Amino acid sequence: MKIRNRIIVYSMISSFIPFFILGGTSWYHYQATIRDNAFSYTRQMMTLTASDFEDFLNQLDQYYYAVYAQGLPGFLAELEDSPTGSVRAQITLNETIIRLWTFYGLSDLMPYLSIVSESGKIIYQNDRAASGDYHFSNSDWFHSLVNSGAHTGLSPAVCLPYQKDDGGTYITYAQKIIDYNTTENNYYFLMDFDTDVVDQLLSNLIQGNTGALFLLNGNDLIYSISPEPFQTDEVMRFWEQCRNETHSCQETIDGVPCFISAYPVSQASLNILCVNSIPELTAGVPDLKSFTLFLTAVSMLLTVLLSCFFSARLAKPIHDLKEVTLEVMRGNLEVTVPPLTHDEIGDLGRCLDQMLSHIRQLIQEKYESSLREKELQIHTLQSQINPHFLYNTLETISSIAESEGIDTIRDIAFSMAELYRYSISASDQFVPIRSELEYVRNYLDI
């Protein structure tokens, strides 16, 4: 693998591993923080919304107490006595109920208001209440109310479901009227208000399209707002789990993680239970997973581009050195190393440049030395030509002198020829003393 490719791979690995670790950790932490904040927000909304609902119930309590303080037991006693007194008490009671209803700011809420005896007989009803022939003894919830010891005296209000004949769904607010021997029978003060009131007060707790809201009275499910039906046992299980985990828990419902929060209403034996899908709770938050993937893709692209750019810059000096060495390998010693960076690669290039310069210098010196040696050899040969020529000439003179009978000239020429012969012999050889003596003798003869 080329160095450039290695640099790219190493850069990507060294960049991606920390990024994935940091990005994954940040994503997990951010998601956990978002989820915790969403849960905290839901709990706060539950507290605020349930507090508004409690204020509404408290307002109904105050209204009932005000009607009671205006002589409600006395009105009921008159209604028991005679038909004449019954009409007068009916009118007075109706005026009192309407006047106090306006005084307590409940004009926007027009409930079905009834006063019912313990046996289920209607004693009083406003103009919006059920028809007079309706008997509450036919309702199981009313029997449960009468038989419940928790609703004696001025006890907290009790909310129970009640289906009217007009097809609307209602919630019944009930208070047992304590008469202290003023009346012969026990009576219940009932206000049936439309569940739209509950929806307006509690619908803020539902997030998204799959959220659900439940009103529980003990082990009874009295009202629900839910796109999907839930079994009562399942709702009660959610409530028990929330109560064991500080009024909130997480549960997977049909494969969807859900956050369940609960709130016990203080004025009544009522519990509010809210179920929200966690993905819908965090739907308003940017999708960090998609953002992280997008950021990862952009980072990968930038890392590849930057790695290619920087690796090209880092590998270029090495590539230049490679081209120089290839030229040297082809025999071109005149090549020069281009300017390099001031780092280890630059030092290597400068060393290579100095080495090439030294090689060229050695070659030049070798060439000059060889040239001088050749010249010396020629000079030596030239210097050897002259003694040979003289030697041959003397040999010729000696031969001519001998043929002419001139002995003196012959002897001098012969001695001179021997002298030259000895002088051109190899100087690196050992010469016997006899030859030296012969040389001296020839010299003396001359």
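**Exercise 1. Which residue in β9 stands opposite serine 248? Work out the strand pairing around it.**

Conventions come first. This is a predicted model, in which local features need pLDDT of at least 70, side-chain atom pairs count only at pLDDT 80 or more, and totals for chains, interfaces and linings use all residues. Residues are numbered from 1 along each chain as its sequence is written, and side-chain values use heavy atoms, with hydrogens and water left out.

Step 1. Find the strands. Helices (H or I, at least four residues) and strands (E, at least two) are DSSP runs, numbered from the N terminus. Strand β9 covers residues 256–265.

Step 2. Find the pairing. Two strands pair if DSSP finds at least two bridges between them. β8 and β9 are joined by 6 bridges in the antiparallel sense.

Step 3. Read off the partner. Serine 248 faces serine 261 in β9.

Step 4. Check the surroundings of the partner. Buried means under 20% relative accessible area, exposed over 50%, partly exposed in between (1.4 Å probe, protein chains only). Serine 261 counts as buried because its relative accessibility is 2%. Contact means heavy atoms within 4.5 Å. Neighbours within four places in sequence aside, serine 261 is in contact with Thr42, Met46, Cys242, His247, Ser248, Ile272, Leu273 and Cys274.

**Exercise 2. Set out the sheet that holds β8 and β9, and the helices packed on it.**

Step 1. Order the strands. The open sheet has 5 strands, in the order β7-β6-β10-β9-β8, with antiparallel pairing.

Step 2. Mark the edges. β7 (220–225) and β8 (248–253) are the edge strands, each pairing on one side only.

Step 3. Add the twist. Neighbouring strands are turned by 25° against each other on average, direction ignored. Axes are lines fitted to C-alpha atoms, for helices over the stretch in contact, and angles run from 0 to 180 degrees between N-to-C directions.

Step 4. Place the helices. Helix α5 (residues 195–202) packs on the sheet and touches β6 (212–217), β7 and β10 (270–277). The direction of α5 makes about 70° with that of β7. Helix α6 (residues 232–244) also packs on the sheet, touching β6, β7, β8, β9 and β10. The direction of α6 makes about 145° with that of β8.

Step 5. Find the covered side of α5. Thr195, Val197, Val198 and Leu202 are the buried residues of α5. These four lie on the same side of α5, because they cover an arc of only 145° around the axis. The arc is that of the directions from the helix axis to the C-beta atoms.

**Exercise 3. How many of the 6 residues of β6 are buried? Follow this strand to both partners.**

Step 1. Count. 6 of the 6 residues are buried, so β6 is largely enclosed by the rest of the structure.

Step 2. Split the side chains. In a regular strand, side chains alternate between the two faces of the sheet. Ala212, Phe214 and Leu216 point one way from β6, and Leu213, Leu215 and Asn217 the other way.

Step 3. Go to β7. β6 and β7 run antiparallel and are joined by 5 bridges. Leucine 215 stands opposite tyrosine 223, and phenylalanine 214 opposite serine 224. The β6–β7 hairpin has 2 residues between the strands, and glycine 218 takes a positive phi near 70°.

Step 4. Go to β10. β6 and β10 also pair over 5 bridges, in the antiparallel sense. Alanine 212 has valine 275 as its bridge partner in β10.

**Exercise 4. Which residues touch the most other members of the largest nonpolar core?**

Step 1. Define the core. A nonpolar core is a set of buried Ala, Val, Leu, Ile, Met, Phe, Trp, Tyr and Cys residues joined through side-chain atoms within 4.5 Å.

Step 2. Name the hubs. The largest core has 48 residues, and Tyr63, Leu72, Phe189 and Ile272 touch the most other members.

Step 3. Find the main contributor. Helix α1 (residues 3–69) gives the most, with 12 residues.

Step 4. Expand one hub. Beyond four places in sequence, the contacts of tyrosine 63 are Ile97, Leu100, Trp101, Tyr104, Leu106, Leu113, Phe189 and Met191.

Step 5. Look for another core. A second, separate core of 16 residues includes Ala212, Phe238, Leu273 and Val275.
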